[in-house]
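User: Please walk me through this structure with a few questions and answers. I have not seen it before.

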Amino acid sequence: MAYNAAQKLIKEHLSSGELTPGEEISLSIDQTLTQDATGTMVMLELEAMEMERAKTEASAQYVDHNVIQEDSKNPDDHLFLESAAKRFGLHFSRPGNGVSHPVHMQRLAVPGKTLLGSDSHTCANGCMGMLAMGAGGIDVAMAIAGEPYFVKMPQIWGVKLTGKLPDWVGAKDIILELLRRHDVKGGVGKIIEYYGPGLEQLSAMDRHVIANMGAELGATATVFPSDEEVKRFLKSQGREEDWRELKADDGASYDIDEEIDLSTLVPMIAKPSSPGNVVPVTEVEGESIYQSYVGSSANPGYKDFAMAAEIVKGKQIASGVSYDINPTSRQMLTDLVQNGHIASLLSSGARLHQAGCNGCIGMGQAPASGRNSLRTTPRNFPGRSGTKEDSVFLCGPEVAAASALYGQITDPRKLDMEYPKLTEPDQPTVDFRLLEEPLPLEEAKKTDLHKGPNIASIPYMEPLPDELNVPVLLKVGDNFSTDEILAGGARVLPYRSNLPEISKFAFEILDEDYYSRSMDIREKTGHAIVGGTNYGQGSSREHAALAPRYLGLRIVIVKDFARIHLQNLINFGILPLTFADNKDYDDIESGDILELKNIREAIKNSHELTARVKDKNKEIRVHHALSERQVDIMLTGGLINWVKDRQKDKA
């Protein structure tokens with residue numbers, strides 16, 4: 001049988017199940033990635049599991065999100081993460097080293113391996129011929145402890161790339177074109193595999209750009225072949241011995257087929273406030289901007305920044321524009337300095353920031369209210385920038401730099417200059433010391449965890465009750481994101497290791513009284529939330545499930561769920577249900593009381609339950625898609641309780 005590259009990766013790591021789309025499978029995990037916004041919980045979960053040593057081939061803890069140190073909370077957590085990495089046998093990347101995804105690609109990514117990360121953009125490392133997936137933190141903790149990762153077998157969506165990119169059109173425009181065609185739900189339940197002759201002109205970092213924003217399509221993963229370009233990249237990083245070829249067999253087929261002729265693409269842009277709201281840049285050309293922001297894991301390559309520098313070289317950016325440069329790794333920043341690109345940027349009036357996630361996650365560089373921000377970041381969900389009522393456009397570095405010069409959204413094809421023909425350095429900076437190696441086991445055992453005053457343990461979560469009578473506290477629409485459930489940014493994320501405090505920010509963008517209303521009934525009844533399609537799209541941060549669970553959320557009924565958030569709800573004992581008839585969504589309002597009976601028996605023996613809408617004399621049918629294993633997790637009250645019960649059974 002001829003296999004495509006994604007099927008080969010799955011087949012080589014299959015622990016249980018079969019390659020049948022929709023069926024639950026489990027995969028052995030070779031590598032894990034955690035970052036500081038999610039890693040604190042992962043390390044606390046490893047401590048609770050009493051794990052002695054990471055059982056993966058390589059696990060790395062990065063500090064890239066919360067690098068602003070306006071008080072002691074972030075640096076205290078940095079010390080905790082460093083001590084935990086030493087204690088549990090993980091690599092550690094200190095603040096300032098850069099964003100986890102490109103740094104992992106430079107230092108640890110290995111073709112043919114699986115990577116599970118507590119960040120939704122972990123899929124970026126699919127550019128290296130890996131099966132790289134984002135997941136909730138506790139799923140990553142389980143993988144570090146040697147447990148397989150469970151997921152429903154995706155369909156494989158083959159995207160054939162043909163032709164050659166025109167001048168002024170880049171890798172970002174390829175993924176924006178796919179988002180234009182299919183919107184933010186287009187990849188749900190799918191792995192996107194790119195192949196074809198168009199790959200030849202895409203560097204490994206270009207592929208990173210495309211793989212990264214597979215998350216915005218809702219895809220489980222994105223897979224590129226491991227070819228001579230990947231070999232070249234690994235050689236440039238001093239790791240040529242890690243290369244192995246991985247490509248689809250001759251005659252391999254895909255569940256879904258699509259083609260993109262690169263020669264037909266034009267500069268694209270995603271309008272506020274969704275990555276799927278994509279149009280050609282010519283449709284919005286001329287709109288004034290306050291900010292042009294270059295960087296993030298969605299445009300992390302040397303060429304991305306060099307392009308932004310060459311366009312403004314010898315010129316001045318427009319008056320009133322903040323041209324923000326967000327380097328994505330220390331190695332890359334060093335190369336940009338050595339080749340004069342940073343000098344070109346600074347001379348033009350650009351602002352240089354430290355290597356990290358920064359403005360992408362709302363950690364600084366928030367735009368002014370009522371002004372347009374142009375960003376090369378992957379997401380523009382409402383408020384994600386740090387400004388509550390923001391207006392964020394997504395684009396590639398060519399559009400961002402051209403627009404910075406003119407102070408308005410500008411098609412770079414109109415620039416009065418030749419297209420810069422840029423190549424990556426033949427011998428880029430390589431510093432193996434920046435990613436600290438795991439300690440030997442005996443030395444690691446002697447390491448104490450450093451816990452600052454902002455770290456709070458995860459409270460006990462009771463098992464699923466047999467009856468629920470819960471009010472609907474909120475009703476939300478389609479594509480409601482985890483950034484809207486629980487914002488990122490400098491106000492919120494410093495409390496990532498303090499569940500009672502971070503819960504105060506839950507759903508505030510929609511309802512500022514949600515916290516107080518939920519706390520009033522948390523111990524009495526708990527509550528429910530009703531939503532539309534693709535509920536929980538976006539970030540993998542499990543706090544978007546943990547915080548509402550802490551506040552008494554027991555069930556969520558929607559038209560359908562985003563993959564990672566669905567698993568996070570299950571992991572923390574929140575019953576995820578979907579309408580049997582989506583028309584019933586219209587008949588439920590905020591404030592309605594939902595009654596469910598015989599829940600425990602019903603989810604064990606059937607996939608359908610009945611919910612009665614009290615005082616409306618109406619019953620609605622709802623479904624769950626839980627596997628037998630997930631039902632057991634739900635009955636115990638979540639994954640932590642389930643793990644503890646298993647440990648007791650083994651004792």
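**Helices, loops and contacts**

User: In which helix is the place of S403?

Analyst: The model is a predicted one, in which local features need pLDDT of at least 70 and side-chain atom pairs count only at pLDDT 80 or more, while totals for chains, interfaces and linings use all residues. Residues are numbered from 1 along each chain as its sequence is written, and side-chain values use heavy atoms, with hydrogens and water left out. Helices are DSSP runs of H or I with at least four residues, strands are runs of E with at least two, and both are numbered from the N terminus. S403 belongs to the helix spanning residues 397-406, which is α12.

User: Is S403 buried or exposed?

Analyst: Buried means under 20% relative accessible area, exposed over 50%, and partly exposed in between, with a 1.4 Å probe and protein chains only. S403 has a relative accessibility of 0%, so it counts as buried.

User: Which backbone oxygen does the side chain of S403 reach?

Analyst: Beyond its neighbours within four places in sequence, S403 is in contact (heavy atoms within 4.5 Å) with I289, L374, Q408, I409 and T410. The side chain of S403 also lies 2.7 Å from a backbone oxygen, that of V399.

User: Are α9 and α12 roughly parallel or roughly antiparallel?

Analyst: Axes are lines fitted to C-alpha atoms, for helices over the stretch in contact, and angles run from 0 to 180 degrees between N-to-C directions. Helix α9 (residues 302-312) packs on α12 at about 25 degrees, with the axes 9 Å apart. Angles under 35 degrees count as roughly parallel, over 145 as roughly antiparallel, 65 to 115 as roughly perpendicular and the rest as oblique. The pair α9 and α12 is therefore roughly parallel.

User: Which residues of α12 meet α9?

Analyst: On the α9 side, the residues are D304, M307, A308, I311 and V312. Those they meet in α12 are P397, E398, A401, A402 and L405.

User: How many residues of α2 are buried?

Analyst: Helix α2 covers residues 36-48, which makes 13 residues. What covers its buried residues includes β3 (31-35), β4 (58-62) and α3 (73-88). The helix is mostly covered, and the number of buried residues is 11 of 13.

User: Which residue caps the N-terminal end of α2?

Analyst: A side-chain oxygen of the capping residue lies 2.7 Å from the backbone nitrogen of A37. The residue is Q35.

User: At roughly what angle do the axes of α2 and α3 cross?

Analyst: Their axes come within 10 Å. The crossing makes α2 oblique to α3. The angle is roughly 45 degrees.

User: What separates the C-alpha atoms of I29 and Y149?

Analyst: I29 is in the loop between β2 (24-27) and β3, and it is buried, with a relative accessible area of 10%. Its contacts beyond neighbours within four places in sequence include T56, L116 and Y149. Although I29 and Y149 are 120 residues apart along the chain, their C-alpha atoms are separated by 7.0 Å.

User: What is the phi of S296, which is not a glycine?

Analyst: S296 sits in the loop between β15 (291-295) and α9. At 1% relative accessibility, S296 counts as buried. Its phi is positive, at about 85 degrees.

User: Which residue does a cis peptide bond join to P272?

Analyst: The omega of this bond is about -5 degrees. The partner lies in the loop between β13 (268-270) and β14 (278-280). The residue joined to P272 is S273.

Technical notes:
The expected span of a helix is 1.5 Å times one less than its number of residues. A polar contact is a pair of N or O atoms within 3.5 Å; within protein, one must be able to donate a hydrogen and the other to accept it, and residues adjacent in sequence count only if both atoms are side-chain atoms.
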